[in-house]
Every structure is written in C-alpha cells, then in structure tokens.
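Trainee: Could you take me through one part of this model in close detail? I'd like to see how the pieces there fit together.

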Amino acid sequence: MTQNIRSRIADLSEKLHFHIYRYHVLNDPLITDGEYDRMFRELQELEAEHPQYAREDSPTQRVGSDLSGDFLKVEHPAPILSLANAFDVADLSQWEERNLRLLPSGSQLGYVLQPKLDGLSIVISYENGELTRAATRGNGILGDDVTANVKTIRTVPLRIPVDPASGAAPPRLVVRGEILFHKDAFLELNQEQEAQGLPAYINARNTASGSLKQKDSRETAKRKLTAYIYDIVDSEGVELRSEWEILQFLGAMGFNLITDASRCSDLVEAAAQLAGWEARRDDLPFEIDGLVLKVDDLSAARELGVAGKDPRGAIAYKFPAEEAATTLLGVTIGVGRTGKLTPTAQLEPVFIGGVTVSSASLHNYDQVAALDIRQGDRVVIKRSGDVIPYVIGPVLGARSGDEKPILPPEVCPFCATKVVQPEGAIDWFCPNPTCPERVMRTLEFFVSRGAMDIEGMGPQTISALIDKGLIQDEADIFTLQAEPLLALEGFAEKKVENLLGSIEAAKARPFAQVLTSLGLDGVGSTVAGLLTDNFASMADLLATAEQAREAEAAFIRQTSPLIAAMSGEDPDQEKLFQRMRRPSTDLAPRYLDAPELASRLERLLRPLNLSTESVAVIAEHLQSLIDASRPIHTIDGLGPILAQNIVDWFTDEHNKTVLAKMQAAGVNMQAEEKVAAGTALAGKTFVLTGTMSVPRGKIKALVEANGGKVTGSVSKKTGYVVAGDSPGSKVEKAEKIGVPILSEDELRALLGE
Ligand SMILES: [Zn+2]
C-alpha cells in the first residue's frame, strides 16, 4: 500500500512536470486545465496525508511560470500568488471553517464574489499616474517585461485617473489583472485568418498569450485584446479596508472592471449565486473557468496570511470540468463540399457537462500528428458551449503500446480518388469535383438558409433527386420539371408546386448571396460582398480570373527555362525558385505598386546571376501578371492565398460549366448598381489605416459612395491617407513621400458631414 502511494506520488509529480512544461514553455498543452487541476489536487492531497513521501521537487512546491527567453525579466513588488481550488460547496465550507479557526472566536466573514477569467495574468505599475511597466505573471516572482505590448491594449489606461475629476493619482500603484480575447474578438480574428487562407486558432487563451509576447508591438496592436483589472498588488498613499473598496477605487481610477462582482454578507449568500453563474457561463462575453471568492475584510485577510503559495483569504471555485478522458475507438472520415477530409474520433461514450459524447473532432491530420493521438489511446475530450466536442490530446501515461498511429487515407473513402494535400495546406482533400459525397455536401450547402435558401429541399429530397439522376450539380436544380418530380415517391402535386416556386424565387437572389452559395473555401458573405463590390457581374469575375490564370501560365512558361538551367541546391536559390513557381501569391501582390519594377526585381533575383535580358523578360511577364490580377489583388481584406483560391475556382472547367448552366437557367449574376451619394471625392485615391469610430469597411463604403477609391498601400498616386487610432507604418510612409494625412473627422468634413 505505502509502496503504491509512493509510486503514485512520483508518477503524478512526473506527469505534472511534463504538462507544466508543455503549457508554460511550449505554449502547447496536451491536457485540459480541468485534467491538470484534478492531478494537481490528487497530488496535494496525497502529500498532505503522507508528507514523508512528498518530494523536494514536487510541482506543488513551485509556482507556475510563463517566462520565455525573449523578454527582459522584471521582479514583481510582491509575489503574485495563485489560488487554492474548491470544486463544490462542501470545499468552500471547509475553507471557511479552517479560516475561522485561525481568527478570533466570534469572527464573521463577508465575501466578494467575481468570475475567474480564463486569460493571462498581468501586473501593471503606475508612478504618479503614469503607466511605467507591465509584466506577465511569470513564476510569480519574476515576470516578462511586456510594457510596449500592453500599452497597445485600449482598455489599459496609460494614465490614471482616466477622468481627472476623480482626484489625484497615488504616488505609486501596482495593479493585477487579466488579459484575454472577448469571444467575438476571437471569432473575428479567426474569420480574418480564414480570409487570409490561414489556419484558425484553437485556444483563445494561448492565442492571447502569443499575442502579448510578440516581439513587435505593432503585431500585438492588431489583436483585439481586452484587459480587466481586479486587484492591487502594491501601493503608496492608498488606504482601503475591503476588497469591495479596492474594486470601487480601481473603478474610480478608470480601470476596466468586471461589472458583475458582488458583495456577499456571508458564505450562504455567495454559495447561492454559484449555480446562476454556471448557467450564464456560455452567455458571457469572455471565457471563465470558475469564480473567485475573497474575504472582504482586508485586515482579516492579512491575518489569515499565506499557506504555501496560496493566500488563505481567497479561493477559486472551479466549475465542473467540461473535459473528460475516454478511449478513442476509431476514426471516421468526412468529406466536405470543398473536398476537405475531416477526421472524427469515435469514442467510448463518456458523460461530459451533462451530455453523453461518443464522437469528437480531431481538427485535421497535422494536428493529430502534432499531438501524437493514436487509435486505442486514452484521450481527453473537451466540450464547451455550442462548440463540437474535440480531442485535446492523449494521456501518454496510459499507453499500453498497442495503439496505432492515425494517418490520412490514401484514397477518398467515397469515390476512391487519390487524396491530395496542396502545398502549404494543413488539410487533405478529395480533388474529384464529381465525388458523390462532395456533390451531396455542395448541394446541401447551396440550398441552405443563408445560401440560396430553397425551401422544401432538405437532404432527403436532394438525396432522392441525385439517386434518380435528376440532378448532378447545383445548376440542374434550376431546370427541374414538374413531371419527373411527380413520379417520385411522396411528391404530391402541391409539394412539387411549392418546390418549383421556391426554386424560381431563388433565381433572383442577390449576386453576393449566389457567390456565397457556391461554397468556395474562404468565401463567406463578407468576402462575397467584397467581390460584388469590385465586380459588376459573374462575367467580369470570370474574365478577370481567366486573364490572371493566363498571365500566370505565361509567366511560368517564360521563366521556367531561365531557372531550369540552375541547380537549386543553394537554399537561397531554391527559395527564389519556389517564389517564381507561385508568382500569383508570392510575387504579384508584393510588387503590386512597386515603382521601377525591373530594378527591384533585379535586386531580388541577384542570387540567380541572370543576364540583364533575362531579368527584363521576367519583369515584363510579372508586370503583365500584376496588371491582369490587379482587380483581385487590390481588394482590401483579401489575402493573396484567398485571391489565388478564387482564381483557381473560377478557372476550373467543372465550375465554369456549372456557372454557365446556372446563367442559362436565369440565375441572377449581376451586382446591384451602386448609387453614388456624391462626387466630392471623385478621382481621389484613399488609404485607410488605424482604428476608426466605425468599422473600416463603413468608411470605405462612404468614400466609394462619394466617388473616391480605396486602395491598400500608400504610393505617390495616393490622394490621402486617413489615419484612425494607432495607425501603422502607412502613416510613416505617407509622411516620407509627402501624401497628406487626414483624421476621420477631417475626412467627414471634406464630405460636408
Ligand atoms: Zn471523393
């Protein structure tokens, strides 16, 4: 028995050390916080019961650290403590009883209850009201100096009090808070990633951490981080008696507070609120993983002191875990409308957060390989809100050795076509556009609400129509006739009439909606709107895509003989070859507005030792490519990879045939005519930068409605740069080349607003 306990303690210590390393150093945890907490607590309990087996190097003896090698280390004015955990009301009662035993008899404790934010701890110092330093929590004693990055976060005041009417700032104030992404900001960030053709971020907290640890604070500034401040670490000239007063004081100084903190006269009152918080969890704008309960009276809290690394006067109440471990039995493969293969884990059913889960997302095969998830593994599953449950990672310690690696299939499970992984992509695809599974998913999406919205055409109907050979693609829907439909089982006259009616109505959907319905990877309603803003009709878009494709083919045709003669063994040369093989994404966008293209290209290509004539030929063809693809590359908000996807899709023979059939059947393929509100800005080109009072797209629409044009980069041809808050390098460039800079107000004044 004792041997078992000793080895269990050793085992837990080792596992926790490993996961602390994954989490804090690699920023890539393999298990959930819930799983970690459970292991940590088990170790704590075993060590408390059997102190003789506790190890010197136990993870319970150290404070977690987020220190990384890239930043200056700074010492906190006081240790930044962590909190002990409670998992139910009984834990809270025990905590209170222990505390009361340490206080004079007859003491009564009141509490402040607030949500426990799932973000990154930050310590910010103010000297005479001015922000002088911001540091990560680090190991609790030392943190990383991230002052420049934290200053870009708008909810962090650079000077306090924000409202001078709130009186004077204390000579010194060091506050503690949390930095995080609001759920909608994280969603938006992922939409931008998608528009750029980049993979989505999975974990909001890790992404916030990565954002805060950018070496270039301009990168941090691009992320919409929010800071909440909730405690005072150290101060001079501030006399407060309770936690509640601390919050009031921080609020008066102008810090961003969580508004829902509550002051409870006793533990019963606080405990009564736990269930309500848990129920509201998914509706809050930010992620929380529990609640924090603090003894309100600061003198009592001081008297209680610190146990280990936890102050006795505060405790974290953790919500029941929404993760659980179970066995990964097998993997099924789905094929989406774009051909993307999605592996799904089939699980030994497990109860998580109130529901039984028997399958979970594995994201993609790269992720599976990175996490080394194997069939037969014990895996940790997370479920939160409406998100599909997903596999966090394997429990490595539970391996028997019989687990099998999970690899992408060689052929599509639905049509047996060899699967492909396009260069730079993380996903695998079935490339066959007539793959029955892809056709089914394409049609399902095409008729769905938000797409063409064809009522009466559910998956069963689509399936029946495909089976009877009545439709093979989206366009066939629009030429369906009543007679063959009436011959189908369950299709009475009224039903057929209604279906044909809704198909007829769908032909008149706005052009942007038609584009969205096509289901191109990365083209949702936002990007479709960008396209219809820039292309008057499908014919326009198709012609531009065709020109861009031809110019690219000509470029590659002309340049490949020039570079074929070279070995490419030199890594610098190889990099250049790759760029020249992908001129549409790697060259054209970069030299879009470059003056003296030939001489800039000569500098770029110098490692290749080409003749001046060869460089001139390359420059000429690059210029043709730039000219041909300009209408696509100048669309603000469309990254080069997505632009390339669009060109690929609209030059694909199968897609072109479907579009031609749709057009012939009378589906709307024209953008609505834009009505110009004025011509005050006619002929002027604008570049927008920084944060405006409204989304930048609205300012763009305003400029365009008044006859102006908006482009993405500053050149001598730019009429004005309009700069909002924290503008980037575009303003510097404008100053350098003498382009006038306007504020948003000045722009509005120009329009007579
Ligand atoms: Zn297939």
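**A close look at the zinc site**

Mentor: Let's start with Cys430, which is buried, its relative accessible area being 0%. Keep in mind that we're looking at a predicted model. Cys430 offers its SG atom to the zinc ion, and the SG atoms of Cys412, Cys415 and Cys435 do likewise, at 2.3 to 2.4 Å. Now for the geometry: the angles subtended by the four donor atoms run from 99 to 116°, so the arrangement around the zinc ion is tetrahedral. For that label, all angles have to fall between 85 and 135 degrees. Read along the chain, the donors of the zinc ion show the spacing C-x2-C-x14-C-x4-C. Cys415 and Cys430 both sit in the loop between β20 (404-405) and α13 (436-447), so this pair ties together parts that are 15 residues apart in sequence.

For the wider setting, the domain assignment puts domain 3 at 323-405 and domain 4 at 436-506, two of the domains it gives for the protein. Domain 4 also has a distance you can use for orientation: its C-alpha centre and that of domain 6 are 47 Å apart.

If you want another buried stretch to set beside Cys430, try strand β8 (residues 225-236): nine of its 12 residues are buried, so the strand is largely enclosed by the rest of the structure. Strand β7 (residues 172-181) runs antiparallel to β8, and 10 bridges join the two. To find the pairing on your screen, look for Gly177, which stands opposite Ile229 in β8.

Key
Residues are numbered from 1 along each chain as its sequence is written. This is a predicted model: local features need pLDDT of at least 70, side-chain atom pairs count only at pLDDT 80 or more; totals for chains, interfaces and linings use all residues. Side-chain values use heavy atoms; hydrogens and water are left out. Buried means under 20% relative accessible area, exposed over 50%, partly exposed in between (1.4 Å probe, protein chains only). Helices (H or I, at least four residues) and strands (E, at least two) are DSSP runs, numbered from the N terminus. Two strands pair if DSSP finds at least two bridges between them. Domain bounds come from an automatic or database domain assignment. Donors are N, O and S atoms within 2.8 Å of the metal (3.2 Å for Na, K and Ca); water is not among the atoms, so sites may look incomplete. Four donors count as tetrahedral if all angles lie between 85 and 135 degrees; four count as square planar and six as octahedral if opposite donors are over 155 degrees apart and all others between 65 and 115; anything else is irregular.
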